[in-house]
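Trainee: I should be grateful for a close look at one part of this model, with each term explained as it arises.

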Amino acid sequence: MTESADTQARQIAVEARDRIRFEEEALELADQVYRVARRLVRTKEEAEDLMQETYARAFRSWRSFTPGTNLRAWLLRILTNLNIDRGRRVQREPDVGHLEEGDYFLYNRLEEATGASDEERVVERLSQDDVVGALSEVPHDFRDAIVLVDIGDFSYQEAAQILGIPVGTVMSRLHRGRRILKRELAETAVGGA
Amino acid sequence: MAAYDPCVWCEEVLQPYLDRHLSERERVEAQAHLDSCGYCAKRYRFEANLRQFVRQAAVEEMAPELKQKLSALRTPLL
């Protein structure tokens, strides 16, 4: 075996090892990635398709991942881009007429409806279905921010990188999105105003 | 300048307070208000509980079949 052939063989072996390591690490994160993916879209089927497209793309372009950086964020960047590229349904315009509800609105509505003035009992009034349903009613842009930060535990900076938008935009979408979510929860749990 | 209502201000800073994104001066001011105002303190505790509840309620685990499909997407070894 010539020296250059030997070097080449070694390079191939190193490359294969790096790729396998990357694939294993990506697969270990699949549960966490799915938890976020599942709430970015409406149905389980959409989430599953998105996961498969994301992993297919990640495995193809693994060389563009910088080892030592946040792999979960890198995978979600691919996933959110694919989700947007899929031409998700036309954005339903937020019902601006009700957007002025403040952060105490949901509590006030629930307290009024339950007659209980104890925050533990008031939160018990909400069910898992209420949360899932209300979240799916939040317009995409706002929901993306909530899902990444409040469910995926990403920082504002990471969410900004994943979504490709400025940090200030993440913050304003998150704040407004949480208020929209609470308004939707109030409607789901207590009924329309 | 409009009349300053501490509860209105406190509602306004609820999210940055819980996100730990308030300046130190604002955080101290909010804390002082919460220590003396049961109305706002109760609503802050509710918000903290709500966030935890949303996080738990939103979890739906991946189907084992999907995990197998993802593994199958790996580059085959030569």
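Mentor: I shall begin with a group of helices in one chain, and then turn to the other chain and to the contact between the two. The model is predicted, so that local features are given only at pLDDT of at least 70 and side-chain atom pairs only at pLDDT 80 or more, while totals for chains, interfaces and linings use all residues. Residues are numbered from 1 along each chain as its sequence is written, and chains are lettered from A and ligands numbered from 1 in the order in which they are written.

Consider helix α8 of chain A, residues 140-151, and helix α9 of chain A, residues 156-163. (Helices are DSSP runs of H or I with at least four residues, strands are runs of E with at least two, and both are numbered from the N terminus.) The axes of α8(A) and α9(A) come within 10 Å and cross at roughly 135°. (An axis is a line fitted to C-alpha atoms, for a helix over the stretch in contact, and the angle between N-to-C directions runs from 0 to 180 degrees.) α8(A) and α9(A) are therefore oblique to each other. (Under 35 degrees counts as roughly parallel, over 145 as roughly antiparallel, 65 to 115 as roughly perpendicular, and the rest as oblique.)

Which residues make this contact? From α8(A) come Asp144(A), Ala145(A), Leu148(A) and Val149(A), and from α9(A) come Tyr156(A), Ala159(A), Ile162(A) and Leu163(A). (Two residues are in contact if their C-beta atoms, placed from the backbone, lie within 7 Å.) Seven residues of the contact of α8(A) with α9(A) are nonpolar, one is charged and none is polar. (Nonpolar means Ala, Val, Leu, Ile, Met, Phe, Trp, Tyr, Cys and Pro; charged means Asp, Glu, Lys and Arg; the others, Gly among them, are polar.)

The loop between α8 and α9 of chain A holds Asp153(A). Although Asp153(A) is not a glycine, its phi is positive, at about 60°. Asp153(A) counts as partly exposed because it has 13 C-beta neighbours inside 10 Å. (A residue is buried if 20 or more other C-beta atoms lie within 10 Å of its own, exposed if 12 or fewer, and partly exposed in between; C-beta atoms are placed from the backbone.)

α9(A) also packs against helix α10 of chain A, residues 167-190, at an angle of about 105°, with the axes 8 Å apart. α9(A) and α10(A) are therefore roughly perpendicular to each other. On the side of α9(A) the residues are Tyr156(A), Gln157(A), Ala159(A), Ala160(A) and Leu163(A), and they meet Val167(A), Val170(A) and Met171(A) of α10(A). The contact of α9(A) with α10(A) divides into seven nonpolar residues, one polar and no charged.

Further along, α10 of chain A contains Gly177(A). Gly177(A) is buried because 25 other C-beta atoms lie within 10 Å. Neighbours within four places in sequence aside, Gly177(A) is in contact with Val138(A), Phe142(A), Arg143(A), Ala145(A) and Ile146(A). Gly177(A) and Arg143(A) are 34 residues apart in sequence, yet their C-alpha atoms are 6.4 Å apart.

Val138(A) belongs to the loop between α7 (128-137) and α8 of chain A. With 23 other C-beta atoms within 10 Å, Val138(A) is therefore buried. Not counting residues up to four places away in sequence, Val138(A) touches Arg143(A), Ile146(A), Gly177(A), Ile180(A), Leu181(A) and Glu184(A).

Now consider chain B. Chain B has five helices and zero strands. Its C-alpha atoms fill a box of roughly 75 × 25 × 20 Å along the principal axes. The radius of gyration of chain B is 22 Å, whereas a compact globule of 78 residues would have one near 12 Å. (This radius is taken over C-alpha atoms, and the globule rule is 2.2 Å times the number of residues to the power 0.38.) Of the 78 residues of chain B, 17% count as buried. Arg20(B), in the loop between α2 and α3 (24-36) of chain B, is exposed because it has 7 other C-beta atoms within 10 Å. Arg20(B), a residue other than glycine, has a positive phi near 55°.

How many residues does each chain bring to the contact between the chains? Chain B brings 27 residues and chain A brings 32. On the side of chain B that touches chain A, α2 (14-18), α4 (38-57) and α5 (64-72) each supply at least two residues. α4(B) gives the most to that side, with 12 residues. That side of chain B comprises 12 nonpolar, four polar and 11 charged residues.
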